[in-house]
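Me: Please take a close look at the sheet in this model, and set out how its strands are ordered and paired. I would like one connected account.

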Amino acid sequence: MFIACHSDQALALLADPSQLEVDTLGAIAYQDSDVLLHTDTRMLPRRQLARAAWNYHLADESHDPARPAAATLTYDMNVLQGLQGPERFCVSLNRSADIDPAKVLRRLRYAHPLYTPAGLAAQQLHGEVNGRQRTYFCGAYWRYGFHEDAIASALAALDHFETRTSTKVPRRWHQVAEQTAAVNQALGDQMDHASLALQLTPHLQQP
Ligand SMILES: Cc1cc2nc3c(=O)[nH]c(=O)nc-3n(C[C@H](O)[C@H](O)[C@H](O)COP(=O)(O)OP(=O)(O)OC[C@H]3O[C@@H](n4cnc5c(N)ncnc54)[C@H](O)[C@@H]3O)c2cc1C
């Protein structure tokens with residue numbers, strides 16, 4: 001059985017999880033974000049030159065440092081999706097109160113992995129936990145939380161399956177692996193994501 005959803009969802013699906021599954025999946029938490037699709041461009045940097053596809057908002061200095069604020073950022077969807085046209089579409093995480101309600105198109109809730117020292121340690125147990133109870137887990141939470149991490153974790157889970165069962169699965173995954181490797185190389189062998197995760201850690205850790 002391969003389970004390809006978030007760590008907390010995977011754990012909830014198991015009727016009789018092992019202690020290792022409880023400890024490993026339980027250590028990698030997810031955090032909900034309040035997400036708005038909108039056209040309130042005040043959420044983008046005022047200076048055109050400072051605008052990027054991802055625009056991080058600095059945390060409010062007045063927040064209680066003992067209770068770190070959730071990560072806040074605005075995606076410029078016209079850049080990300082190559083949208084042409086007069087309207088600018090934005091997606092903002094955790095800034096709902098500051099966005100003009102008249103410009104909100106849709107409200108969503110998404111979850112991102114929450115990176116903590118315990119979670120990073122648990123990631124090292126992917127090969128250990130996979131297949132122990134004939135259950136294999138994949139998802140971006142095993143790495144840095146991005147699309148290619150989800151794919152890479154699925155390839156790793158297949159490797160674990162082959163090792164555990166001494167079988168070879170006929171697959172065309174080498175094509176995906178080659179594409180993943182090319183993306184990783186383009187991103188600086190994941191170092192950008194690693195440093196991003198570390199930078200975000202103080203903002204993402206729960207109180
Ligand atoms: C707002 C936002 C912006 C993002 N931007 C980027 C980006 O620019 N670049 C990037 O690389 N990544 C980005 N990501 C991250 C990217 O979306 C994830 O890395 C990727 O989707 C993770 O894949 P996954 O398979 O681990 O989980 P998901 O894509 O979340 O898939 C898990 C699936 O499991 C299903 N599921 C849950 N419970 C059950 C159940 N009980 N039974 C059956 N199915 C179930 C869910 O419906 C879902 O389809 C972004 C994420 C968010 C939220």
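**The open sheet**

Reply: In this predicted model, His38 has Cys90 of β5 as its bridge partner, and that pair is a useful way into the sheet. Strand β2, covering residues 30-38, runs antiparallel to strand β5, residues 90-93, and four bridges join the two. On to the next pairing: β5 is also joined to β4 by four bridges, again in the antiparallel sense, with Ser92 in β5 serving as the bridge partner of Thr74. Strand β4, made up of residues 73-76, is in turn linked by three bridges to β3, and these two strands run antiparallel as well; here Leu73 in β4 is the residue that stands opposite Tyr56.

Taken as a whole, the sheet is an open one of five strands, arranged in the order β3-β4-β5-β2-β6 with antiparallel pairing. Because β3 (54-56) and β6 each have a single partner strand, they stand at the edges, and one side of each is left without a neighbour in the sheet. Averaged over the sheet and with direction ignored, neighbouring strands are turned by 20 degrees against each other.

The edge strand β6 also leads to the ligand, since β6 (104-113), together with α1 (7-13) and α6 (147-165), is an element that supplies at least two residues of the shell around the ligand. Of the 13 residues around the ligand, the ones that come nearest are Cys5, Tyr110, Gly139, Phe146 and Ala150. By class, this shell holds eight nonpolar and five polar residues, and no charged ones.

Key: Residues numbered from 1 in each chain as written. Predicted model: local features only at pLDDT ≥ 70, side-chain atom pairs only at ≥ 80, totals over all residues. Near = placed C-beta within 6 Å. Nonpolar A, V, L, I, M, F, W, Y, C, P; charged D, E, K, R; others polar. Pairing = 2+ DSSP bridges. Axes fitted to C-alpha atoms, helices over the stretch in contact; angles between N-to-C directions.
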